[in-house]
Amino acid sequence: MKSTVSLRDQKELTLLRRDFHAHPELKYEEKRTARVVCEKLKSYGYSRIKTGVAKTGVVTLLKGKGNRTILLRADMDGLPIEELNKTLYCSKNKGVMHACGHDAHVASLLMTAKHLKKEALAGNIKLVFQPAEEGGEGGRVMVEEGVLRNPKVEAAFGLHVWSALPVGKVGVTPGAIMAAVDKLEIKIKGKGGHGAVPQVTIDSIVVAAAVINSLQSIVSRNTDPLDSVVVTIGKITGGSSFNIISEETTLVGTVRTMNPKTWAKMPGLIERTVKGVTQAYGATYELHYKRSAPVTINDKKMTEFVGEIAASIVGEKNVIRDERTLGGEDFSFMLREVPGCFFFVGSKNEKKGLVRYHHNPTFDIDEECLPIGVEIMKKIAVKYFSYFPKPPHF
Ligand SMILES: [Zn+2]
Ligand SMILES: [Zn+2]
């Protein structure tokens, strides 16, 4: 790869990432991270910096010629995980870890900001440091607070370092790339009693077991096998002792879908199943179904554009055009409003033992991936306005 990121800047980029990695903060608590982002932006010559956006987010506008604007986004939060890595830069905050790679995103967008300041741009670049991606819907809150207005944003781009791809590869996939995330809570109400006298009880644990199994048949029997769906019950709570039949049992889980039509259908299918099974056992239920991030959908033309840029940096054979996951991503709240592209920058390196998937306590990235992300983000900003001489219709 021919890099326009000098060795000095590559070193700064790595140190920035390591500094964020050592100081992870949970969703909506990214105060230190936001402070460092502001300080760095100021040192790069940025002056009008908005803080406190969506509580802890930071936004700045780099003015170019004309009045068109695109947005580049990085998420900033860590996860409630105790880091097990023993690196020099491992987490100093007990029980909190950058186990998804958002530390790399913040550092990469900062370095992009530094480089773009020296470019003659044909339009404005809104740089967005977003809080609370991990279950906090920071992306939604930023959209509601107007991040896509004043000036109006016509396209949005973001990246994720990606441990499913080796370093040097970039995933640029059109259409639905990440799943819609729904949250599910089912309270099953039976009738408690003595563990040896089941005939006068309704055992909520037995009902819960039947509900869990039946929910899986929604995936295998009620949805198209070519259409990806996941139903996971991640938590079950009920009962108090070996000889007591539990009055109430609660199931908590998540539903993931890639197709907006299936997404629309799932609450009804879940309710029908829960209702039917609980009725069969003489129990009752309470179902709370909550939508979180929608499906992340990449615009076809914007994806072609990013794909060409990625190919010019890592070579066509290293651009993967069908990388998808049923993980969720709240950048989808921005891509629901404006076209754009979210791409994956490979960060795995088997030789260095950097193979763990995101959210694992020993997750880490090959830092060689950092300049690749910067290079792509930078080129997006520099080339966008000539590649798309007119704003897209949406
Ligand atoms: Zn994550
Ligand atoms: Zn993430």
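**View 1. An open sheet of eight strands runs in the order S1-S2-S4-S3-S5-S16-S6-S15.** Welcome to this predicted model; the sheet is a good place to begin. Its pairing is mixed. Which strands stand at the edges? They are strand S1 (49-53) and S15, each with a single partner strand, so one side of each is left without a neighbour in the sheet. Further in, strand S3 (residues 69-75) and strand S4 (residues 124-130) pair in the parallel sense, and seven bridges hold the pairing. To find your bearings in this pair, look for Ile 70, whose bridge partner in S4 is Ile 125.

**View 2. The protein chain is divided into two domains, domain 1 (7-176 + 295-387) and domain 2 (180-291).** Domain 1 is written as two stretches of the chain, 7-176 and 295-387, while domain 2 is written as one, 180-291. Taken over C-alpha atoms, the centres of domain 1 and domain 2 are separated by 37 Å. Where the domains touch, four residues come from domain 1 and nine residues from domain 2. What classes of residue does domain 1 bring to the side that touches domain 2? There are three nonpolar residues, one polar residue and no charged residues.

**View 3. Helix H7 (residues 300-314) is 15 residues in length, and its span agrees with what is expected.** At 1.5 Å a residue, H7 should span 21 Å, and its end C-alpha atoms are indeed 21 Å apart. Which residues of H7 are buried? They are Met 302, Thr 303, Phe 305, Val 306, Gly 307, Ile 309, Ala 310, Ile 313 and Val 314. Several elements help to cover the buried residues of H7, including strand S5 (155-166), strand S6 (170-171), strand S14 (296-298), strand S15 (319-320), strand S16 (340-348) and helix H9 (369-387). Just after H7 comes Gly 315, with a positive phi of about 90°.

**View 4. The largest nonpolar core holds 103 residues.** Good residues to look for here are Val 170, Val 306, Ala 310 and Phe 343, which touch the most other members of the core. H9 gives the most to this core, contributing ten residues. Domain 1 (7-176 + 295-387) and domain 2 (180-291) both give residues to this core, so the core lies between them. As background, nonpolar side chains tend to be buried together in soluble globular proteins. What does Val 306 contact, once its neighbours within four places in sequence are left aside? Its contacts are Phe 157, Val 172, Cys 341, Phe 343 and Ile 380. There is also a second, separate core of six residues, with Leu 79, Val 96, Ala 99 and Phe 363 among them.

**View 5. Three loops have backbone features to look for, at Pro 151, Glu 137 and His 359.** A cis peptide bond joins Asn 150 and Pro 151, with omega at about -5°. You will find Pro 151 in the loop between helix H4 (138-144) and S5. Glu 137 is not a glycine, yet it has a positive phi of about 55°. The loop between S4 and H4 is where Glu 137 sits. Is Glu 137 buried or partly exposed? With 19 other C-beta atoms within 10 Å, Glu 137 is partly exposed, because a residue counts as buried only if 20 or more lie within that distance. His 359, also a residue other than glycine, has a positive phi near 75°. The loop between S16 and H9 holds His 359, which is partly exposed, with 14 other C-beta atoms within 10 Å.

**View 6. In domain 2 (180-291), strand S8 (residues 180-189) pairs with strand S12 (residues 248-257) and with strand S13 (residues 284-291).** S8 and S12 run antiparallel and are joined by ten bridges. A pair to pick out is Glu 185, which stands opposite Val 252 in S12. S8 and S13 also pair in the antiparallel sense, over eight bridges. Here Lys 189 stands opposite Thr 284 in S13.

**View 7. Gln 279 is in helix H6 (residues 260-280).** Is Gln 279 buried or exposed? With 12 other C-beta atoms within 10 Å, Gln 279 is exposed, because a residue with 12 or fewer counts as exposed. Val 207 is 72 residues from Gln 279 along the chain, and the C-alpha atoms of the two are separated by 9.5 Å.

Technical notes:
Residues numbered from 1 in each chain as written. Chains lettered and ligands numbered in written order. Predicted model: local features only at pLDDT ≥ 70, side-chain atom pairs only at ≥ 80, totals over all residues. Domains from an automatic or database assignment. Contact = placed C-beta atoms within 7 Å. Nonpolar A, V, L, I, M, F, W, Y, C, P; charged D, E, K, R; others polar. Helix = DSSP H or I, 4+ residues; strand = E, 2+ residues; numbered from the N terminus. Expected span 1.5 Å × (residues − 1). Core = buried A, V, L, I, M, F, W, Y, C linked by C-beta atoms within 7 Å. Pairing = 2+ DSSP bridges.
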